[in-house]
Amino acid sequence: MPDLLKPFPAGGTFNRRGWHALAHLPTAGGAPFWADFQILRQPLVFTRRVEQHLGRMARTVIGGQPQVLLLSAGALESVLLDRDRVFSSKGGWTSLMGELFPRGLLLRDGDEHRHHRRLLLPSMKREVLQGYLQRMEVPVRSTVQQWVQRAELPGLGLPAMRHLALSRAADLLLALHDPSEVRSAEHDFGALVEASTAMLRLPLIGRRWARGLNARTRLVAQLKSLTAARRAHPGPDLLSQLVQARDEEGRRLQDDEVVDHLVFLMMAAHDTTASALTSALCLLAQHPEWQHRLRLEVFQEDPKQDLMPRMAARQQMGWVIREVLRLNPPVAFLQRQTLASVELEGVRLPSGALLTLAPLHVQRDARWWPDPDSFRPERFRASELPHPFAWAPFGGGAHRCLGQHLADAQMRLVLGELLLQARWSLPLGLSPQWRHAPITHPTQGGPLLLQPL
Ligand code: HEM
């Protein structure tokens, strides 16, 4: 194995050879944790400054290791499509997620990844999605009623969106209904996601990293016993589909593999959707004219029409969702590692180099999006993108988000219910600020104000 490819343990020593092997790239800060801090605090200010002064490819140190920061749509396209199979998702994501979400789909590469993805794909087929959506309709409606009765949602709506997304994921994926079990899963998934940004990865009691590892242990135990129960008595949930799935040779997933997929899927499904919904609510609160346009669209529907085609027909809502995900992609940065020496955008990168790709930067690039920081959903009236990877909130290529259509349908359902029941706004003078790591979320905690229609 080339030296740069050696797995770098959490808290491991800095890879000096890797840093020198990238010496032909301009340097965007080589001090430990400096770039991490910029990315946590003000990622766009940081990446725009890098592009302005150094260009769209630079070396830096992120997560205690040398990284190549890639800021162009072309780099996103080449790396994610990975035509020569030289970019590893597993290698890229291991330092952030390896210990917390081992063997999830994103942490597998090549033939092994294809094999597992094929086993998971049937659980996201159109007919299955239709069933998921129908199961969500009534609980979403009653949750929205409760929100409207409360008249305000703290934390700009994020805790409420997290609770909704997690309880729906717990139902669709696991058929988990007991409120105390859902609450404990919510707490543990929260700790896992938080832990993925812990800079100090030592198992000190009470620290973010240690809390994440403990949460994982509890979740694995909970999911193992659920897996055994669903093998004995399958239900309508995704877990039951996974335990029954067979490949071409009739081989099925082992219990440990099922649990690894579930931990990753639950995390991938709920926090991203909650982030996107929170951004949508805030942006629609700041742009009441768009809230009004969407409300008219939803009021004009035939409520007797089937749910899937009804959701799909919400054209202006589709533009708003795309614009929300452009401005505030829940996953603002993606990780990969080179498996061989490669030429990217005319620059040679050594084998084993860690890459940080930046959908957030590309999706706010004035080259592709005029007036890039403004909320202008009608820019999606034209279905053609200015560049195939100028909009990539769900990634692309072999690892493209498995839950994209589910997430889109769920957002349409929740926004539609809210539009039918309430008008919402922010307190006067409150302008939300955002952090983009580990998942995009608002930094301050003002209320989102709901007024019944
Ligand atoms: C708005 C909501 C969502 C966003 C923005 C989002 C974003 C993403 C992105 C960017 C990736 C690719 C990461 C990479 O290539 O490094 C990804 C992968 C993935 N997502 Fe999502 N996601 C969302 C919702 C969901 C949902 C609801 C599910 C499951 C039900 C899900 C399951 C997955 C899985 C399993 C992968 C890994 C796919 C693979 O490696 O083959 N996601 N997601």
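I count a residue as buried if 20 or more other C-beta atoms lie within 10 Å of its own. With that cut-off I find that buried residues make up 46% of the 453 residues in the chain. The model I am reading is predicted.

**Entry: overall fold**

I went through the secondary structure and got 17 helices and 12 strands for the chain. The radius of gyration is 22 Å, close to the 22 Å that the globule rule gives for 453 residues, so the chain is as compact as a globular protein of that length. I then took the extent of the C-alpha trace along the principal axes, which is about 60 × 55 × 45 Å. For contacts I looked at pairs of residues at least 6 apart in sequence, and 71% of these join residues at least 24 apart.

**Entry: ligand shell**

I listed the residues that surround the ligand and found 22. The closest are Thr272, Gly395, Cys401, Gly403 and Ala407. I asked which elements give two or more residues to this shell, and they are α12 (255–286) and α17. The largest share, 6 residues, comes from α12. Sorted by class, the shell has 15 nonpolar, 6 polar and 1 charged residues.

**Entry: nonpolar core**

In soluble globular proteins, nonpolar side chains tend to be buried together. Here I looked up the largest nonpolar core, which has 122 residues. Within this core, Leu173 and Ala280 touch the most other members. The helix α12 turns up again, as it gives the core its largest share, 18 residues. I followed Ala280 further and set aside its neighbours within four places in sequence. What remains in contact with Ala280 is Val320, Ile321, Val324, Met411 and Leu415.

**Entry: a sheet of 3 strands**

I traced one open sheet, with strand order β4-β12-β9 and antiparallel pairing. Which strands stand at the edges? They are β4 (152–153) and β9 (422–425), and each has a single partner strand, so one side of each is left without a neighbour in the sheet. I checked how β4 is joined to β12 (residues 448–452) and found 2 bridges, with the two strands running antiparallel. At residue level, Glu152 has Leu449 in β12 as its bridge partner.

**Entry: backbone exceptions**

Most residues other than glycine have a negative phi, and most peptide bonds are trans. I searched for departures from this and noted the following.

The peptide bond from Ala437 to Pro438 is cis, with omega near -5°. I place Pro438 in the loop between β10 (434–435) and β11 (441–442).

Arg103 is not a glycine, yet its phi is positive, at about 65°. Arg103 sits in the loop between α5 (89–97) and α6 (110–120). Is Arg103 exposed or partly exposed? I count 18 other C-beta atoms within 10 Å of Arg103, so it is partly exposed.

Asp371 is another non-glycine residue with a positive phi, about 50°. I found Asp371 in the loop between α16 (359–362) and α17 (404–421). The count for Asp371 is 9 other C-beta atoms within 10 Å. The limit for an exposed residue is 12 or fewer, so Asp371 is exposed.

Methods:
Residues are numbered from 1 along each chain as its sequence is written. This is a predicted model: local features need pLDDT of at least 70, side-chain atom pairs count only at pLDDT 80 or more; totals for chains, interfaces and linings use all residues. Two strands pair if DSSP finds at least two bridges between them. Helices (H or I, at least four residues) and strands (E, at least two) are DSSP runs, numbered from the N terminus. The radius of gyration is taken over C-alpha atoms; the globule rule is 2.2 Å times the number of residues to the power 0.38. Two residues are in contact if their C-beta atoms, placed from the backbone, lie within 7 Å. A residue is near a molecule or strand if its C-beta atom, placed from the backbone, lies within 6 Å of it. Ala, Val, Leu, Ile, Met, Phe, Trp, Tyr, Cys and Pro count as nonpolar, Asp, Glu, Lys and Arg as charged, and the others, Gly among them, as polar. A nonpolar core is a set of buried Ala, Val, Leu, Ile, Met, Phe, Trp, Tyr and Cys residues joined through C-beta atoms within 7 Å.
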